[in-house]
Structure formats: C-alpha cells, structure tokens
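Please look through the two chains shown here with the notes that follow, which take up the contact between the chains and then one helix.

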Amino acid sequence: MFAHFRPSVALLGALLLPALGGCLSVSWGRTNRDEPLPSERLAELAAGRTTLAECLATFGAPERVEEHPVAGGAGAVLVWGWLDERDLGLSVSVPVTDQNSVNFDYRTLDARTRGLVLFFDERWILAEWRSGLLSEVAADVRRRPALVEEDA
Amino acid sequence: MARTTDNRPLAPEALARLVPGTSTAQDVVATLGAPLDVVQLGKRSAYLYRHTASKRAGLWLVVVAFYNVDERSDRIWVFFDEAGVLTHVGATLIASEAEYAMPFEDLHD
C-alpha cells in the first residue's frame, strides 16, 4: 500500500515530521541601522573644492572621525555608514538519543553595510571620497595609537 | 517587542547654542556634557555625542519566526581648532524615528 504514495507526499511528510516534533524552525529577519545618504548629493562632491562645512550640512554627523595624515600636517577622514541586513535561517534539530540531538543550521546572511568615506586636508577641503561597502572603502581607516609620554 | 536606548537624547535647542567661531570646548562641554569620544586631529580635535534608540519586533508562528531591528541615532560631532574654539558642527538627530516593524516592510524608503 505504501507504493501508492506520491513522492511529493512522502517529501512533505518527511519535512513535517520534525516540524511536528518542534524541531524545525524557519526565521526571516531584518536589521536596519541609520538611513542611507542621498545618492544624488554624492554627485555634487568635488575633490579640491567641497568644504567640511558643506559636507556636514549635506550629510549630517558622520559615524566616525579619524585623523588622516597629509603632507605637512594632519587632515581628517569622516565615515558615514548605514546597514540593511537581511537574514533567512532554517534550523533542524533531530533527536538521536534521550540525551543528545543533532543540529543542522543553514543560514544565508545578506550583509549590506554601505557607507561614504570623505578625506579632508588640513584646510578642511575634500581631498578624496569613496562610497560602497564599508568593509572595502574604509578598510584602511584606523585610529592612530595614542602617544605614551615617558618620564625622562 | 523591545526597545533599548543608549545615552540621553540630544536636544536641538542645546545644539542651537553652539556658535562656530565663538563657542569654546568648555562651552560645548557645559552645554552637552562629557563627550562619548574625543579624537585628536593633529593640533585640532573633535568630540562625539551620541544617543541611540533601537526597536525590536518579533512574531513567532510555531515554526516560522519574523523579527526586525531598527536602530537610529542622534549624533553630534563638534570640531575645534588649535585654541579650542569651535569651528564646525555636524548633527544628525533621527533617534526618535526608530520604528517597530516586520522584515518585509521597507523603513528606509
């Protein structure tokens, strides 16, 4: 009599079996952090001309500010970032014995941390800018270690 | 549903009292309090003030779960020259716009 079962019914049964036991779960999540900057305003950025005051008025407060060494002094690098991360997860837990179970976890993670990085010279004039994934465009932005003054 | 906040909200009226070219670092600290971060920029400096609001919403339907996290911040960066006089102010005040939502809703559109 089992030969009369369609394959799709058998597959459905196989999927529902752990679900009925409370061992299958599907999750759909999303994380938003801050708002994307207006992309049309990025086109107005002009290296050698745009000032820090103009950028702060246009984009608001950055997330990070770090020192940026330039010829003859110190400039600054400003970083804006925003996140729209989607998370889809499927988790299956199958009891093996009374004391143990085996877990399988399949997870796709769509991390989209994007941002804008602006480099300013010592006169607060924009020298260079980058936009895109922060993991790429801000990879070299680091805080300079603090100087430790030693007693003579 | 859950809500978390970090530091106190930044008041726009306090921001209005900061005048580039006139206010000093002492005035800024008296107005906004102790900064969250201080960055040395050669002989100049910048202070960070930040308040963050995060709202989390979740819905569990037996074996299916939906959840969403929306986090927005109030941020103020103030820049000082070598003499400690305020030169620039950058402000973003959007912490109050954090929302409870589901993952299929687009909050940033």
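1. The side chains of A:Glu35 and B:Arg72 meet in a salt bridge at 2.7 Å, N to O, the term being used for a side-chain nitrogen of Lys or Arg within 4 Å of a carboxyl oxygen of Asp or Glu. Across the interface of chain A and chain B the rule finds three salt bridges.

2. This is a predicted model, in which local features need pLDDT of at least 70 and side-chain atom pairs count only at pLDDT 80 or more, while totals for chains, interfaces and linings use all residues. Residues are numbered from 1 along each chain as its sequence is written, chains are lettered from A and ligands numbered from 1 in the order in which they are written, and side-chain values use heavy atoms, with hydrogens and water left out.

3. Between the chains, 37 residues of chain A are in contact (heavy atoms within 4.5 Å) with 37 residues of chain B. A:Trp28, A:Arg30 and A:Asn32 supply 23% of the area that chain A buries against chain B, more than any other three residues, where buried area is the accessible area (1.4 Å probe) that two parts lose on being put together, summed over both.

4. In chain B, helix α2 (residues 25–32; helices are DSSP runs of H or I, at least four residues, numbered from the N terminus) has B:Ala25, B:Val28 and B:Leu32 buried, that is, under 20% relative accessible area with a 1.4 Å probe, protein chains only. Seen down the axis of α2(B), these buried residues fall within an arc of 60 degrees, so they line one face of the helix, the arc being that of the directions from the helix axis to the C-beta atoms.

Note on methods
Buried < 20%, exposed > 50% of the residue type's maximum accessible area, 1.4 Å probe, protein only. Helix = DSSP H or I, 4+ residues; strand = E, 2+ residues; numbered from the N terminus.
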